[in-house]
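Biologist: Could you take me through one part of this model closely, beginning with a single residue and its surroundings and then working outward to whatever lies around it?

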Amino acid sequence: MKKTLFTSAAAGAIVASGLASSAMADGHATDLTLCWAAWDPANSLIELSKDFEKQSGHTMNFEFVPWTSFADRMLNELNSGGQLCDLMIGDSQWIGGGAENGHYVKLNEFFDANGISMDDFLPATVTGYAEWPKNTPNYYALPAYADVVGWTYRKDWFERPELQKAFMEKHGRTLDVPASLEELRDIAAFFQGRDIDGTTVYGAAIYTERGSEGITMGVTNALYNYGFEYENPDKPYDLEGFVNSDGAVAGLELYKELYDTGTPPGSSNWYMGENIDAFRSGQVAMQMNFAFIWPGVEADENVGGGNSGYFPNPAGPTGQFAQLGGQGISVVAYSEKQDAALEYIQWFAQPEIQQRWWDLGGAPALRAVVEADDFAGSQPYAQAFLDSMAIVKDFWAEPAYADLLIAMQERMHNYVIAGEGTAKEALDGLVRDWTEVFEDEGKL
């Protein structure tokens, strides 16, 4: 395994000493504000950050905003040059705008001076959370929270002999973790409307939400695996035949079929929270959701403790991919406390802190933690997390990502949920929408 920075206890003590002396050199401790979304991992970060406060003498404040309004609130803060946030754990799609608009401090010199190497982090998280332009060594964030869309299933239901028998009679195969999206669709349809212990249950909770990013974060898990590409790999912003390829059309049709035949009534505008609630309350056999929910599922008195299982997004005809989630942590360029904010980055990058981040329910991207021999067995969902992070793709991270997202949300929701037109028409329309955005940006 590649040796990482501060791997020994002595090195960790040096860092701790450095943090404390830096605060004292300023003559007083600094109040820092870290901005992020309001969700379970944020609560874990509060607990983790107590160590930083103790070592550095600084005080951490937190501004957490619900996901449904997180982008509007925090992008407005950045675009206005506001000084609320010293540190920002911004969504992966923000990295282009954060870099090009001067919102985030470029971290290359700081990383070099402090022995922080991006080679020590999972490559997908470096590309997804830290780099701009993509695939160049220009870093505006440290990978902070590794996340990806995966699946949770009622393992206890799958193992019931009577359901195993019924599924075998219908499909000629064992009711088990699906190897393909087609198998997943069949399993969802099998459970749809079925009576389990006197309760009518349904197949799967999937992402359908229209107002923010939900249906896009869902439908891409089918599109990617059927051949959808954001652009021509050999010609940037060349969309025709890639966004709306025959494979992409088939993938979109499968997602609609999954919605039509395997989801609960009234689930036309569901995202993370609704899916969690449906699964924990015993409404569905499976749920699509970001991996951040897995610690909470495992701890739940109804569905945890071995009653649930976890698996990566299944393959399609052209490959196996999953929608990247997660975020990097950046220093806000408008902060007047950048030195102290950089101390937090330095502290957070330490292997022992990254390990504790995992222990508290966070999701580290440091390879020294996630590639350790004992990691896969550390939690029931750890192997599914590793397998999922190995197959990620992400949405556009262009500065105009919000306009690109709005168009996709509308086109996908109108087709999948409202049943307007055909899959080909929806994707053809998306090509027109995105082409207009890139023309306005001067990139076409």
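Modeller: Leaving aside neighbours within four places in sequence, Asn289 is in contact (heavy atoms within 4.5 Å) with Val148, Val149, Gly150, Tyr207, Met272, Asn275 and Ile276. Please bear in mind that this is a predicted model, in which local features need pLDDT of at least 70 and side-chain atom pairs count only at pLDDT 80 or more, while totals for chains, interfaces and linings use all residues. Residues are numbered from 1 along each chain as its sequence is written, and side-chain values use heavy atoms, with hydrogens and water left out.

Asn289 belongs to strand E7, which covers residues 284-290; strands (E, at least two residues) and helices (H or I, at least four) are DSSP runs numbered from the N terminus. With a relative accessible area of 1%, Asn289 is buried, a word that stands for under 20%, as exposed does for over 50% and partly exposed for what falls in between, with a 1.4 Å probe and protein chains only. The side chain of Asn289 is joined to that of Gln287 by a polar contact of 2.9 Å. Such a contact is a pair of N or O atoms within 3.5 Å, where within protein one must be able to donate a hydrogen and the other to accept it, and where residues adjacent in sequence count only if both atoms are side-chain atoms.

Moving outward, the domain assignment (automatic or from a database) gives domain 1 (2-147 + 325-393) and domain 2 (149-323). Taken over C-alpha atoms, the centres of domain 1 and domain 2 are separated by 30 Å, and the contact takes 18 residues from domain 1 and 20 residues from domain 2. Between them the two domains bury about 1800 Å², with 65% of it on carbon and sulfur atoms; this is the accessible area (1.4 Å probe) that two parts lose on being put together, summed over both. On the side of domain 1, Tyr381, Ile391 and Lys393 lose the most area to domain 2, together 40% of what that side buries.

Lys393 also takes part in a salt bridge, its side chain meeting that of Glu229 at 3.7 Å, N to O; the rule asks for a side-chain nitrogen of Lys or Arg within 4 Å of a carboxyl oxygen of Asp or Glu. Across the interface of domain 1 and domain 2 this rule finds 1 salt bridge, and there are 4 residue pairs in polar contact, both residues at pLDDT 80 or more. Strand E4 (142-154), helix H17 (382-389) and strand E10 (392-393) each supply at least two residues of the side of domain 1 that touches domain 2, and the largest share of that side, 4 residues, comes from H17.

The nonpolar packing can be followed in the same way. The largest nonpolar core (buried Ala, Val, Leu, Ile, Met, Phe, Trp, Tyr and Cys residues joined through side-chain atoms within 4.5 Å) has 152 residues, and those with the most contacts inside it are Trp36, Met286 and Trp434. This core draws at least three residues from each of domain 1 and domain 2. Among the residues that Trp36 touches, not counting those up to four places away in sequence, are Pro41, Leu45, Phe64, Tyr145 and Trp357.
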